[in-house]
Each structure stands twice: as structure tokens, then as C-alpha cells.
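This report covers aromatic contacts and backbone angles. Please keep the sequence and the 3D view at hand.

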Amino acid sequence: MSGSSVLFDAPGPRARRVSLISSIVAGVLILAALGWIALTLAAPRESGGITLPGFFDPSRWDIFADPQVWRFIIFEGVWGTLRAALTAAVLAVAAGILFSLLRSSEIAWIRIPTAIVLEFFRGMPVLLMMLFILLVLQTGAFWAVVAALTLYNGALIGEALRAGLAALPRGQREAGLSLGMRSLQSKMLVEFPQAFRQMLPIIVAQLVVLLKDTSLGYIVGYVELMRVTLNNLASFYGNRYLFSLFVVALALYLTMNLLLSWFARWLSKRTAARSSGQRLPPDDPGQAMLLAKANAEARRSDTGHSAGGPLV
Amino acid sequence: MDVVIDNLPTYWRGFSMTLLLLGVSGVSALVIGTLIAAMRISPVASLRGFATTYTEIVRNTPLTLVLFFCAIILPYLGSRLDYATAAMIGLSVYTSPFVAEALRSGINGVPVGQAEAARSVGLGFGQTVSLIVLPQAFRMTIPPLINVFIALTKNTSVAGGFFVFETFAAARELANAHGNAVIAVLLGAATLYLAITIPLGVIAAQLERKWVVQR
């Protein structure tokens, strides 16, 4: 009960009994609601004079016994999704490094336009970017999906890396410079590797978002998991299987995304244990980014005070 | 540019639907999200389990799939909602776990020491909550909540792929009709989105700077 420990005392025997009873009552209610949904789905339905069997009837699931269907789902659908996600992930990390370099440049006419362009990428729907690339640059659906995801996630990863760079102790950069490195050298060889490790959990969590967003490809006509199951297979085998195909697609998406989220969480626990006690909340990339920024801000104002103070 | 000015009514029709989607699903996501967050930190184990499962499942489902469910599977199962209402339901459900997480991290982000200190100077439960914990939780919660609403604004565009005529759908229709001015048409739509997201982002950043609790 870590959440309530802020507000409540440790429960006594009476409070524990009350919470046990209400837990059982609530659990029964939740199970009853789920059971009602299942029964509604299982009941056969009249539709246009024909009685359709319920959703748990074998006639609604028999296509999944055919290995050909699975081959199609995996090799066309899952692979289409993963191919777009992998390409976009690699490019987005590269773009993130580039964006954070340009954004923190010392030359104002590089820094300011980059900031404006990044604001633009972050404030616009990814779907609109996909449409733009598809119609204006005529790249085909795959590159429209990949390029839009790269720009959007690259902008966010760039922000994360920038926060990571800002949170580094200043001595790191000074040490690099004092060894005779140039500014860019110290960034690439000293600062980035550290910032990257610090921000790795956030970046992986952002990649979950990227993986989910590949499904937008469905709308711009890219062949991925959603289009394969809910469009191609559903129209080939008939409407009868639409619901079962939806369940399968949902299960496949949940599997991929949950595996990647767990990996992100595991990674953030590992890096948190190793690095100097600085913990980032692993759940939500946006949340983690806020905290990292707040840390960087605090550190900057600290060093600002000590640099300007009479003691230094 | 002329294309944009000539088609301002079409843009406006789309944009007002975007605003409607944002308003309705924003409010209902806030309601559902608060309920889920309350369940998540309640002492009742089964509610906590339910809220956790709900959060994990909904957060890891692509929005496109959620809206597909609302626009195509629900009518298939026999619902008679129009597409805009279906999209509002989908967007509210999809956004609610993000709201819940923002609220929960705000409350959890208050160190236990604060409540302990409050109690040790003799404040009661009500005073501890209303004077010490909630003000700090509120400060930490509002900027991430605004970020959730920025994401929601951008997510309303996905409804355009499922038969709702909002800004994205308007842009797509105009782009198809005016093949020689696609760039202007799409930039026009982008401007409308930025007109919502950038001011919200500025407010979030300002509140964040002003309200960050230095520890």
C-alpha cells in the first residue's frame, strides 16, 4: 500500500477487516460485470432474419486452426509493424542525437531555428505528418510512416538527451575541455555516453510509444498488423471473423508492447541501482522527462548560486 | 494560400469538431482517470488490482485499435452510436489511464516525511491532507496533466481516420480535392493543431517552472 502510506496510518484489525470485506464485494462485482459481458458475447444473435452463433462458437474461430492464417499474420502483419518500428527506432535515436546537438549549439542562428522546428514537430499530430510526407514527398506508405515517427520521436528523444546532458555535473565538460578536447569532441566522447545511459529507460519507454504509433499506418495504407488482420483477413474470410481477428490483433499488440515496457522498467531499475541513487520513475516517459528536467533545473540553479556567491 | 482562405468554412467545420472531441473526451477522461487513480491508491485490494490491469491494458493498446473498436466493432456488436460519439468514448477511455498516472504520481511524489512532519506537529488527518499533501500533489500534477491534454489534442486526429469529420479529415479531403496545393492545405491544418498545442505547452512549461517543488 505504498500509495496510501502518505495519507493513512497503518490499518488496525478493524480497518483491515473492513478493507478485506469491501475487497471481496468489489471483486465479486467486477467478476459479475466481466461475466455479464462474456455471456452477452456468447449469446446467439438475430441479425436480418439469420441467427448468428455466439462469439465463443467454434465457427467463429476455426480459421485460426489454419497455419496459413498465422503465417500471414506473423510474416505480413507483425513483421510489417516491427520492420517500421525498428527502422524508425534506429533513425529516431540518431535524429535525437542530432537534434540535441543542434538545439544546444552555441550559435544562435542554428539553435533558435532548431528550437522552432522541434516545437513544430512536437505540437503536430503524427498522422498529419504521415499524410504530409505521403502526399508531398511521394515516398510510399512505409517511408511515410517511418519518417513521421522518426521526426516526432526524434524530437522527444532529443529533448530527453538534452535534459540528460544538462543534468550531468559541469566538471565532466570542463574536464574534457581541459584535456584539450574541442567542444564537440567533449560532447561526443564524454558527455553523450553518460547522458545516453542516464536516459536509456526514457528512450526505451519512448520506443513503446513508437511501436504503438506504427498502427497509424493503418490509416495511411501501410500494411502492418492492423491492416493485415482487420482489413485483409477480415474481408477475405468474411465479417463473421471480425471480432475474433480483433481479439487476436489486440493480444499481439499487448504482447509486443508489454514485453517492451517490462524491458524498459527492468532497464530503469538496473540503471537506477547502478548510478548514484538518482531514480527516474519508469512508468511514463513524459513523467520521467519532467523529473529529469526538474533535476537539471535544480542543479543549474545550484551551480548558479555557488558560482555567484561570495564563497567561490 | 488561396485554397486555405477559400476553404475556411471546411476548416472551421473540422476544427470545431476537433474542439468538441477535445472538450468532451478531456472532461470524461478526467472523470474516469480520477476514479481509476482513486481505485489505484485505495486500501481495497481488488479495486487496486482492477485499476492496475485496466491501466496496463489500455495504455499498451494502440489508439488506432481502440478507435477501430469503437467505430467498427461496437456497431458490429449492435450499438447504435454515431461515429463522433464513438470516437469520444474511445478517446476518453484511451486517455484515462494517462490522467490516472499523472494524478497518482502527483500524490505519490509527495514524500512520506511531509505527512509525518505534519502529524508530528499535531495536525489531524484532514489538515494533513488539505494543508500539506494535496497542495504539493496539485502542483506536481497540473503540468503533466496539461501534457496529457496536449497529447489528447493530437490524438483527436486519429478519429479522422474513422469517419469523424475533424481537422485531419478536413485536411485529407481538401488535399484530395486540390492536388496542386497540398502543402498549403496540410500546413493550414497543422496551424490549427499548433494553435491548441503550443499555447497549452507554454502554459505547462510556465507552471512547471513556477511550481516545481525544489527538494
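The charged end of A:Arg83 is placed over the ring of A:Phe142, 4.7 Å from the ring centre. Chain B offers a contact of this kind too: B:Arg13 lies over the face of B:Phe165, at 4.2 Å from the centre of the ring. Both come from a predicted model.

**Ring pairs**

A pair of aromatic rings is described by the distance of the centres and the angle of the planes. Over all chains, the count of aromatic pairs comes to 18. How are the planes of A:Phe120 and A:Phe121 set against each other? They stand at 55°, with the ring centres 6.4 Å apart, so the pair is tilted. That angle is not over 60, the limit beyond which a pair counts as edge-to-face. A:Phe120 is partly exposed, at 28% relative accessibility. A:Phe121 is buried, at 13%.

Next, a pair in chain B. The ring centres of B:Tyr94 and B:Phe98 are 5.5 Å apart and the planes meet at 50°, so this pair is tilted. Where do the two residues sit in chain B? They belong to helix H5 (residues 83-108) and are 4 residues apart, so about one helical turn separates them. B:Tyr94 is buried, at 7% relative accessibility. B:Phe98 has a relative accessible area of 22% and is partly exposed. The cut-off for buried is under 20%, so B:Phe98 does not qualify.

| Pair | Centre distance | Plane angle | Class |
|---|---|---|---|
| A:Phe120 and A:Phe121 | 6.4 Å | 55° | tilted |
| B:Tyr94 and B:Phe98 | 5.5 Å | 50° | tilted |

Which residues form one aromatic cluster? From chain A come A:Tyr218 and A:Phe246; from chain B come B:Phe68, B:Phe69 and B:Phe162.

**Positive phi**

Most residues other than glycine have a negative phi. A:Gln138 has a positive phi, near 50°. Its place is the loop of chain A between helix H4 (126-137) and helix H5 (141-167). Is A:Gln138 buried or exposed? A:Gln138 counts as exposed, at 62% relative accessibility.

B:Phe163 is not a glycine, yet its phi is positive, about 70°. This residue lies in the loop of chain B between helix H7 (125-159) and helix H8 (167-177). B:Phe163 has a relative accessible area of 52%. Exposed means over 50%, so B:Phe163 counts as exposed.

Definitions and conventions
Residues numbered from 1 in each chain as written. Chains lettered and ligands numbered in written order. Predicted model: local features only at pLDDT ≥ 70, side-chain atom pairs only at ≥ 80, totals over all residues. Heavy atoms only, no water. Phe/Tyr/Trp six-rings, centres within 6.5 Å; stacked < 30°, edge-to-face > 60°. Buried < 20%, exposed > 50% of the residue type's maximum accessible area, 1.4 Å probe, protein only. Lys NZ or Arg CZ within 6 Å of the ring centre and 35° of its normal.
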